[in-house]
Amino acid sequence: MLPPFDYFTYRRVRDSKRRERANRFASLPTAYHTSFTAFDKSIINKPIEELVQEVQNSSLSATDVVRTYGKVAVKAQEKTNCVTELLLPEAESWAQSEVNLKGPLAGVPVSLKDSVQIKGFDISLGYTRLAQKPYKEDGPMVRLLKDAGAVPYAKTALPVTLLSFESANALWGHCRNPHVPEYSPGGSTGGEGALLALGGRIGIGSDVAGSVRVPAAWSGVYSLRCSTGRWPKAGVNTSMAGQEGVASVFSPMARTLNDLTYFSKAIIDMKPWKYDYTVHPIVWRDEEESEAKSKKLRIGLMMSDGVVPPTPAIERAISTTVAALTAAGHTVSEITPPTNADPLTGLHLASQLLNSDGCVTFNSHLHSFEPSDPGADQLTRIANLPRFLRYMYYFYVRYIRRDPTWAAMIRTFGPKSAADQWKLVAKRESFRATWHAWWDEESQNYDFILCPVNATPALPHKAMHDAVSSCGYTFLWNLLDYSAGVLPVSHVDAKKDALYAPYKKVLKQLGTDHAIARGAWMHYDAVKMAGLPTAIQVVGRRWQEEKVLGYMAAVENALEQYYDPESGEGGKYPLIEID
């Protein structure tokens, strides 16, 4: 149907897909809708090594494991709306006939971001235009998983456009935070964050600006952002096909660090380069992981990126981690990023690279009047301004509003010619070379950089309208293509984490009173946010996934052993109890 009448197609497809999903859940056998049994809880809490071993020796049925995680999916969906495509009852059949139950992931249930190709199911990406087009075959990533013994059981929520720390779209609705439902679980892999927090075991998502790390931080789970070429990415779809200025990478998420490490190793040990031409043939290096988690570490601290300072809850999480690491005998010192490649310069450059098409591609999949993401709408409006009007807007922000930070972002945000794109890529390579040389200097030479994942805990639904550009703590490492992991630390406390003054006054005192910082801080409310997770980010260098996982283990061990009797800070992060 031609525009604008294709609006009715959008409505028809949306309603049809929602009915289809509801019918799938409703048609499950009664056992899937019952309470968790002691057996279910034992499977959910069983270390992944034990689960695999028991499936391999047939003392535990892979079908029983699938049914337990089917219950997890049912209950998580009721609480958070995190599932787009339920892969049941098909998963039971796969567990009995298609997966390799002698593989390193024998019987391990895996949930997948909606963008992954599975036979018999759509990759809608939250767009109705892409729905009702099921794939005939598994993609390479899913074939690898099944050959390793893993059983896919659910596809999960993401935002339309895939450029948001929200996970909402007009096709499936809003995915809710598992701790405080009025807030986002993160994005763009937010459905994975919610499902894992509520009992899921392993997930796979994509990350172009923080999309597996922010959901882990906001939902209270673990994730690893792999460098390009380390993790398979063939057999997926995306809202921005062909965008390589800041490459998207697929990466793992998990409910526990032990599961994350085991799963990452198992996938690399499967030699994914035999399934996917984009993967580099780099074998798993056990010795690097072991050394990283056992030696005394030299850690660089980036408390603030100088663009959006951390809110009190995040600052407390970082401070607690620093205290724990110091108490464990590690050395932590503040870093000074390269002056000609600072985080603000990186944010400016990465934003232009990512949206060099002027936001045309991610909007091309929408039907007429089909709602988009509020943040993506903001980017689109700026990108589509005629050059003269964009300059006038820049002039107003720069000289009337006196906001040079936001003005600089506006001035160059628009469609680029091929020649302009080449220049940006050249700047990206120079930026990377500067950081490489900086980290090599003897005065730096850190094992890893410790920093926030985001300036705030989870934000309320639709906050991306204001906070779309508050992504620098993750986007910087995408631009540099560094390996980075996330682990939860604590929760927001209404009293400890309250602002001492109105947020604009605080930002003025910090010297960051500009639109990017205000867009995030305006939603910070420690009382309403109480109970939301807080987390930290561990950043290594390129292709250092083993080391990063080892560093994460060292951090978690330090936190577990640390306790401050005055503040009560410390201890291992408590997962949501399965009830």
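Contact means heavy atoms within 4.5 Å. The model is predicted: local features need pLDDT of at least 70, side-chain atom pairs count only at pLDDT 80 or more, and totals for chains, interfaces and linings use all residues. Residues are numbered from 1 along each chain as its sequence is written, and side-chain values use heavy atoms, with hydrogens and water left out.

**Exercise 1.** State which domains the chain has and how many residues of each are in contact.

Solution. Step one: the assignment, which is automatic or taken from a database, gives domain 1 (14-284) and domain 2 (292-343 + 430-561). Step two: their C-alpha centres lie 26 Å apart. Step three: 42 residues of domain 1 are in contact with 44 residues of domain 2.

**Exercise 2.** Find the area that the two domains bury between them, and the residues of domain 1 that lose the most.

Solution. Step one: buried area is the accessible area (1.4 Å probe) that two parts lose on being put together, summed over both. Step two: domain 1 and domain 2 bury about 3500 Å² between them, with 60% of it on carbon and sulfur atoms. Step three: in domain 1, the most area is lost to domain 2 by Y183, R213 and W218, together 21% of what that side buries.

**Exercise 3.** Describe the polar pairs across the interface and the elements that supply the side of domain 1.

Solution. Step one: the rule finds 3 salt bridges across the interface of domain 1 and domain 2, a salt bridge being a side-chain nitrogen of Lys or Arg within 4 Å of a carboxyl oxygen of Asp or Glu. Step two: 26 residue pairs, both at pLDDT 80 or more, are in polar contact across this interface. A polar contact is a pair of N or O atoms within 3.5 Å; within protein, one must be able to donate a hydrogen and the other to accept it, and residues adjacent in sequence count only if both atoms are side-chain atoms. Step three: α8, β7 (222-225) and α9 (257-269) each supply at least two residues of the side of domain 1 that touches domain 2. Helices (H or I, at least four residues) and strands (E, at least two) are DSSP runs, numbered from the N terminus. Step four: α8 gives the largest share of that side, 6 residues.

**Exercise 4.** Locate S219 and list what S219 touches.

Solution. Step one: S219 lies in helix α8 (residues 213-219). Step two: not counting residues up to four places away in sequence, S219 touches N177, P178, H179, P185, G193, A194, A197 and P533.
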